[in-house]
Amino acid sequence: MRVPNSVVLPVGTHVDCCREEEVEEKRRDIMAKIVAMLAERKRNLAHFMDNLEGSEEPEFYVDQWERLKEMEGCMLTILNLVAVNCTDHRDIKKLETTILEHVKNEELFPEVVRVLPPVYRQGPWNAGVRGMHAELPRLPLGMMDLQYLLSKLSQCEHLANLGRELLQDILRYLHRIGLVVWYEEIKHLESTVFLQPTFLITMFKLLVRYRLVQQLESIS
């Protein structure tokens with residue numbers, strides 16, 4: 001809900017535990033609950049924005065108002081729920097086929113037809129990507145400073161000619177395909193590369209915990 005133009009494909013499992021007529025009933029119920037949830041979210045955002053605008057000193061809450069306005073523009077595209085029996089390989093293939101069909105939909109994912117930059121087709125870049133694929137699993141840290149990463153990779157014989165600009169190009173590609181996480185557009189994180197995306201999950205688990213909302217709300 002915080003990512004612009006998100007596309008969500010709901011998947012219902014355990015179809016083998018339901019009668020055929022129950023599957024369609026549950027599908028309609030789940031989709032109706034999703035629609036209701038989105039409508040409630042829209043109402044809540046409007047309510048929060050009205051409260052900020054009606055406060056005695058609204059100029060103190062400009063940043064919060066702009067963030068709410070930004071969230072209001074994060075529209076979700078909800079696709080039709082896919083019901084599967086996870087014990088049936090044919091259903092798994094059906095889900096895979098459905099996902100691929102949606103991903104190839106240019107209206108849903110306009111980026112899918114974007115032409116790759118010329119650097120992505122050059123020899124040094126291809127060699128660098130292959131080298132990075134080989135070396136990243138051997139690095140012991142979940143996150144690393146960009147310059148330190150460059151120095152470590154440059155010690156490898158097949159990456160000796162790796163420069164900072166080429167490394168950044170490769171990291172952008174690896175970030176797009178989900179192999180690493182590099183938030184170069186965020187000033188405080190532009191020099192940090194998360195070599196293992198699961199490392200971020202571990203960090204979040206330390207911060208986002210049970211009853212966190214209630215704990216925060218108890219603070220005056």
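Select Leu146, Gln147, Leu149, Leu150 and Leu153 in helix 5, then add Arg164, Leu167, Gln168 and Leu171 in helix 6: these two groups meet each other. Colour the selection by class and you should find six nonpolar residues, two polar ones and one charged one in this contact between helix 5 and helix 6. Keep in mind as you explore that you are looking at a predicted model.

**Stop 1: two helices that cross**

Now show the whole of helix 5, residues 146–154, together with helix 6, residues 164–176. At what angle do helix 5 and helix 6 pack? The angle is about 105°, and the two axes are 11 Å apart. Angles from 65 to 115 degrees count as roughly perpendicular, so helix 5 is roughly perpendicular to helix 6.

**Stop 2: the nonpolar core**

Stay here and select Met132, Leu149, Leu162, Leu167, Leu171 and Val193. These are the residues with the most contacts inside the largest nonpolar core, which has 21 residues. Helix 4 (123–135), helix 5 and helix 6 each supply at least two residues of this core. Which helix gives the most to the core? Helix 6 does, with five residues.

Pick out Leu171 next, a residue you have already met where helix 6 touches helix 5. Which residues is Leu171 in contact with, leaving aside its neighbours within four places in sequence? Show Met132, Leu146, Leu149, Val180, Trp182 and Val193, and you have them.

**Stop 3: a meeting of strands**

Move to the start of the chain and select Ser6, which is in strand 1 (residues 6–8). Is Ser6 buried or exposed? Its relative accessibility is 14%, so Ser6 counts as buried. Setting aside neighbours within four places in sequence, Ser6 touches Met75, Leu76 and Thr77.

Add Thr77, which you will find in strand 3 (residues 76–78). Thr77 has a relative accessible area of 33%, so this residue is partly exposed. Beyond its neighbours within four places in sequence, Thr77 is in contact with Ser6, Val7, Val8 and Leu108.

Try the distance tool here. Between the C-alpha atoms of Thr77 and Ser6 you should get 6.2 Å, although 71 residues separate them in sequence. Then try Ser6 and Ile78: they are 72 residues apart in sequence and 8.5 Å apart in space, again C-alpha to C-alpha.

**Stop 4: a loop residue with a positive phi**

Go along to His14, in the loop between strand 2 (11–12) and helix 1 (20–53). Most residues other than glycine have a negative phi. What is phi of His14 near? It is near 60°, a positive value in a residue other than glycine. At 51% relative accessibility, His14 counts as exposed.

**Stop 5: zoom out**

Finally, show the whole chain as a cartoon. How many helices and strands does the protein chain have? There are eight helices and six strands. Follow them along the sequence and you can trace the pattern β-β-α-α-β-β-α-α-β-α-α-β-α-α.

Switch on the surface to finish. The accessible surface of the protein chain comes to about 16000 Å², and 56% of that belongs to carbon and sulfur atoms. Of the 220 residues in the chain, buried ones make up 26%. Lastly, think about contacts between residues at least 6 apart in sequence: 58% of these join residues at least 24 apart. The pair Thr77 and Ser6, in contact and 71 residues apart in sequence, is one you have already visited.

Notes. Residues numbered from 1 in each chain as written. Predicted model: local features only at pLDDT ≥ 70, side-chain atom pairs only at ≥ 80, totals over all residues. Heavy atoms only, no water. Axes fitted to C-alpha atoms, helices over the stretch in contact; angles between N-to-C directions. Helix = DSSP H or I, 4+ residues; strand = E, 2+ residues; numbered from the N terminus. Parallel < 35°, antiparallel > 145°, perpendicular 65-115°, else oblique. Contact = heavy atoms within 4.5 Å. Nonpolar A, V, L, I, M, F, W, Y, C, P; charged D, E, K, R; others polar. Buried < 20%, exposed > 50% of the residue type's maximum accessible area, 1.4 Å probe, protein only. Areas by Shrake-Rupley, 256 points an atom, 1.4 Å probe, with all protein chains shown as cover. Core = buried A, V, L, I, M, F, W, Y, C linked by side-chain atoms within 4.5 Å.
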